[in-house]
Structure formats: C-alpha cells, structure tokens
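Please open the model in a viewer and keep the sequence panel at hand. The tour proceeds by selections, each followed by an account of what is found there.

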Amino acid sequence: MSESDDGRRSFPSRGGGASNGDRGGASSGDRGGWSGGPSRGSRDNRGGTGGDSRGGGPRRGGEGGFAPRGREGDRPQRQQARPDEPDLPDDVEANELDPTVRRDLLSLDKTNADTVAQHLVMAGKLVDEDPRLALAHARAARQRAGRIAVVREAAGITAYHAGEWAEALSELRAARRMAGGPGLLAVMADCERGLGRSERAIELGRSDEAAALSGDAAAELRMVVAGARMDLGQFDQAVVTLQTPDLEASRTGSGAARLFYAYADALVAAGRVEDGLQWFLNSAAADLEGETDAEERVAELTGDSQ
C-alpha cells in the first residue's frame, strides 16, 4: 500500500495501472502491502491497463491466526477455518502485509488481526492470476474486520479486479465514509462505467473531491472521465479532457505511456488519425515496461501490420 496524491493509501492495480481498456481505465494505486498488483482488471490490454475484466476474467478460510496449543514451547496452530472462508496456505504469514496496513488492524484481537492480514496477503497475491479466489479472501477479511476502512478499501479494489462493479463501488464508498477524503475516485468512476452509468462517472470527475486531486490521482481520473465521454460518443470532449500539461512527449514511464495512449485513442476516435498516430508513437517511446500495445496500434494505423 502506498500514499496517493490525495493522501490516502491505496492498493495497487495490476501491472501498474488498473485501467480498464476501452473505457479509459482507472488505476487502483500502489498495492504496496499486498504482494501482487487498478484495479479491477483493466478495461483493455491496449491501454496498458490489462485485459477486459467486465466478465471477471483473470487478473490476477479460516479462523486463521495462531493460537497456543496449551504447552509452553509448542508451535502455534491455526484454528479451524470458518466454512465460508477460503483456506489459508500454511506458509502465508501476517507479517507479509505492509506494516502501515497492519497498524490499522491493531483494534482487533491478535488472532483475528493475523487472520485478516493473511487473507489480505492472499488477496494481493492472487488478484492477477485468480481474481475470484482473491475476492473470496478479501470478503473473508471484510467479514472479520468490516469496521476498518483499509479492509473495506482492499475488498473494493479486489472486487474491481474481479469485475464486480457494484460490490466494488459499495466497498469503496464505505471506506471513504470511514476514512474521509476523496477515496479512490478514479476506481469508483470506472465502476460506474462498468455498470453502464457513464454519466455518473463524468459527474464524479466534476466533483469537489476531484478538483482537490493532483498528480497521478488526477491523471487517472481524467482518463476514466475521457473513457466515459467516449462511451457516450463524445469524442471531441474526451480529447479536451486529456489536454493537460501532463501531455509532455518527453515523459516516460507507466503513467505517461497510459496517458499518451488514452489521448491517442481519443484523437483517432475523433477523426484526428495523424495526431493520434503521433501520440501512439509517443506512448510506445514512453512505455519502458511494454505495458501497452501502442506499437501494434501504430502498425494498424500505418498498414504495417499486413
């Protein structure tokens, strides 16, 4: 988990961005405390944000904890799992969770806190490869610690990766009520798109909370709002939404590559193919990790893919 620009901790999305492809995508932030990687799966591999997870496709239980066996010196033993929880592997440890996240669990008793931490660790490890099982672990953590904001936030982000938009939105709203602040607005807006409510995604982009965002958090929200505009056929407005000082062609890295890609996609949709081609080239140059398919889009537009 890491600190986002709005001051809230967020769990990372898959592969550097939780955007969801043709819808513009939202990054769920840095997963930090999890071992794994947004945002509900990405909307489209071409945006550098993973595959389309509308169908809950791949992305990536137990009283748990440790209790004394009764004799000093005995190894601790996990208590019997609750029937509605996924099993916890023997080798998963609570201390694998980021310490800043674990501190939020201190209000729980030790055994329960350890089990919640273990479920969160498993959710982070599985969210890319098995989002449904990851969500089962996140739900188990929520059942045990539903009054802790960071647990609700984790459950929301995992649901987002699994394509459960309504559940993700509900959990993220709950986390925002508990912790205050704008929360993960980009992910919430992307969930609205997943539910077919692109107008609501645009409204979130106009909110006072959105106006307070800066840096990557603001850029992620702009990409989602631009995607919502494209959902509605408002291609020129999508282009304008993405026109900010961040569109500096010399930038490199995941965030720049994804922003340039989204801008190129909007330009092409608006009929400005030559401009779009240039920004796909910029995206390919910025994409140091090969997260987007910008080079393939260039080939499509130039006819070199034949």
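The stops below go from the whole chain to three helix pairs and two single residues.

**The whole chain**

Begin with the entire protein chain, bearing in mind that this is a predicted model. Coloured by secondary structure, the chain shows 13 helices and 4 strands. It has 306 residues, and 56% of them count as buried. Switch on the accessible surface next: its area is about 12900 Å², with carbon and sulfur atoms accounting for 44% of it.

**Helices α2 and α3**

Select residues 110-126, which form helix α2, together with residues 131-144, which form helix α3. The two axes lie 8 Å apart, at an angle of about 160°. Angles over 145 degrees count as roughly antiparallel, and α2 and α3 are therefore described in that way. Their crossing is left-handed.

Now display the side chains where the two helices touch. On the α2 side the contact is made by Asn112, Thr115, Val116, His119, Leu120, Met122, Ala123 and Leu126. Facing them in α3 are Pro131, Leu133, Ala134, His137, Ala138, Ala140, Ala141 and Arg144. Sorted by class, this contact of α2 with α3 comprises 11 nonpolar, 4 polar and 1 charged residues.

**Ser170 in helix α5**

Move on to residues 165-179, helix α5, and pick out Ser170 within it. Is Ser170 buried, partly exposed or exposed? Its relative accessibility is 40%, so Ser170 counts as partly exposed. Add Gly156 to the selection and draw a distance between the two C-alpha atoms: Ser170 and Gly156 are 7.3 Å apart in space, with a separation of 14 residues in sequence.

**Helices α6 and α7**

Select residues 185-194 for helix α6 and residues 198-205 for helix α7. Their axes come within 7 Å and cross at roughly 160°. This pair is therefore roughly antiparallel, and α6 passes α7 in a right-handed crossing.

Which residues of α6 and α7 meet? From α6 come Leu185, Met188, Ala189, Glu192 and Arg193, and from α7 come Ser198, Arg200, Ala201 and Leu204. By class, the contact of α6 with α7 divides into 5 nonpolar, 1 polar and 3 charged residues.

**Helices α9 and α11**

Continue to residues 215-231, helix α9, and residues 254-269, helix α11. Here the packing angle is about 20° and the axes are 10 Å apart. An angle under 35 degrees counts as roughly parallel, which means that α9 is roughly parallel to α11. The crossing of α9 past α11 is left-handed.

Show the side chains of this contact as sticks. Glu220, Met223 and Met230 represent α9, while Arg258, Leu259, Ala262, Asp265, Ala266 and Ala269 represent α11. The contact of α9 with α11 has 6 nonpolar and 3 charged residues, and no polar ones.

**Arg222 in helix α9**

Remain on helix α9 for the last stop and select Arg222. Is this arginine, Arg222, buried or exposed? Its relative accessible area is 19%; buried means under 20%, so Arg222 counts as buried. To see what surrounds Arg222, extend the selection to Thr241, Leu242, Thr244 and Asp246, its contacts once neighbours within four places in sequence are left aside.

Technical notes. Residues numbered from 1 in each chain as written. Predicted model: local features only at pLDDT ≥ 70, side-chain atom pairs only at ≥ 80, totals over all residues. Heavy atoms only, no water. Axes fitted to C-alpha atoms, helices over the stretch in contact; angles between N-to-C directions. Parallel < 35°, antiparallel > 145°, perpendicular 65-115°, else oblique. Left-handed = near helix turned anticlockwise from the far one by under 90°. Contact = heavy atoms within 4.5 Å. Nonpolar A, V, L, I, M, F, W, Y, C, P; charged D, E, K, R; others polar. Buried < 20%, exposed > 50% of the residue type's maximum accessible area, 1.4 Å probe, protein only. Areas by Shrake-Rupley, 256 points an atom, 1.4 Å probe, with all protein chains shown as cover.
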